[in-house]
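Hi,

Here is the structure I promised to pass along. Have a look at it first, and my notes follow underneath.

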Amino acid sequence: MSFWDGLWRGRSTQFDSGSAATNAIELTKRNQTISLSKQGAATGNLRINLSWRMRTSDIGGAQRGSLLRHPFKALKPEVVQAHTQSMVNVDLDLGCMYELADGSKGVVQPLGGFLGDLNGAPYVKLSGDDRFGSGSGETIFVNLDHRENIKRLLVFVYIYDQTPAFDRTHAIVTLYPSNGPRIEIGLDERHSQARSCAVVMIENVKNELVVRREVKFVYGFQAELDRLYGWGLQWGRGYKAKADR
C-alpha cells in the first residue's frame, strides 16, 4: 500500500475484489479466501506488511486539514487517548506462527528477537520492528519457493505492553504476492480490550496455497492465539529493548 493510500484510506470499503485502479483484493467476512496458486503467485517472496494510523474521529476532525498542509506529520509517532483518559503510545507488532511439513513449529516476532530465516527453515523472516506506526510499517517475508516445506502460517498482530487500543487504531495487513493484485485485510472491528488478533492463515492444502481471512481478536497474547488454533507451543513473558525515540 502506498503512502497516500495509507494517508487517506478511511473506513474499510465494502467491496470484495479491487478494481484495476486500486489493484487490490480485500478479504472480508463475505469473501474470506483466495488461492495464491490459482493466480500464479505461489513462488518467490510473499511480502506481508502491517501498517496503522490513529482513527481521525478519535483524534479530532481538524487533522485531515492539517495533513493537507503538513503531510509528513503522518510519519510522526501517534498518541492515542486511552480508556483511563491518560495518553499512551500505540505499539502494534506483527508476528507469524509457523508449522512446517516435518512437524516443526515456532514463531517469528519482534518479541524475543525471533526474526526467522528466509532461505532456511522456517522460510519466514521478519524485517524490522516499527514501534511508531510509520509509513513503512513492519514486514514479514515468506519464501514460497519452499512452499512444499510449509504446512500453515498464522499471521497475527498484538499490542506490546501497552493499553489495549485496537478500537482506536486503523490497522491494515497487506499481502504482496509475486504475481497478481495485493491482498488487504483491515482490522476495523472495535474490540476495545483486545490485545491480540489472528489476522490471516496461509495453508498448504494438497499443494495449493490458500490465504484465509481470520480477524479473530482475543484478550490475551500469543499463548491465547496458540490455544485457539492448537499450535502447542510453550510461551513465557518476554520483553523488548527500549526504543530510541
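**What I found**

Val200 has Arg213 in β15 as its bridge partner. That pair belongs to a larger pattern: strand β14 (residues 196–205) and β15 run antiparallel and are joined by 9 bridges. The two strands form a hairpin with 2 residues between them. In that turn, Lys206 has a positive phi of about 50°, in case you want to look at the backbone there. Please keep in mind that this is a predicted model.

β15 (residues 208–218) has another partner as well, since strand β2 (residues 33–35) pairs with it in the antiparallel sense over 3 bridges. On that side, Ser35 stands opposite Val210 of β15.

Now for the cysteines. How many disulfides does the count come to? It comes to 0, with two sulfur atoms needing to be within 2.5 Å of each other to qualify. Cys96 is buried, with a relative accessible area of 0%. Cys197, which is also buried, has a relative accessible area of 0%.

A few totals for the protein chain:

- The chain has 4 helices and 15 strands.
- Of its 245 residues, 50% are buried.
- Among contacts with a separation of 6 or more, 69% are between residues 24 or more positions apart.
- The accessible surface is about 11,800 Å², and carbon and sulfur atoms account for 49% of that surface.

Happy to talk any of this through.

Best wishes

Methods:
Residues numbered from 1 in each chain as written. Predicted model: local features only at pLDDT ≥ 70, side-chain atom pairs only at ≥ 80, totals over all residues. Heavy atoms only, no water. Buried < 20%, exposed > 50% of the residue type's maximum accessible area, 1.4 Å probe, protein only. Contact = heavy atoms within 4.5 Å. Areas by Shrake-Rupley, 256 points an atom, 1.4 Å probe, with all protein chains shown as cover. Pairing = 2+ DSSP bridges.
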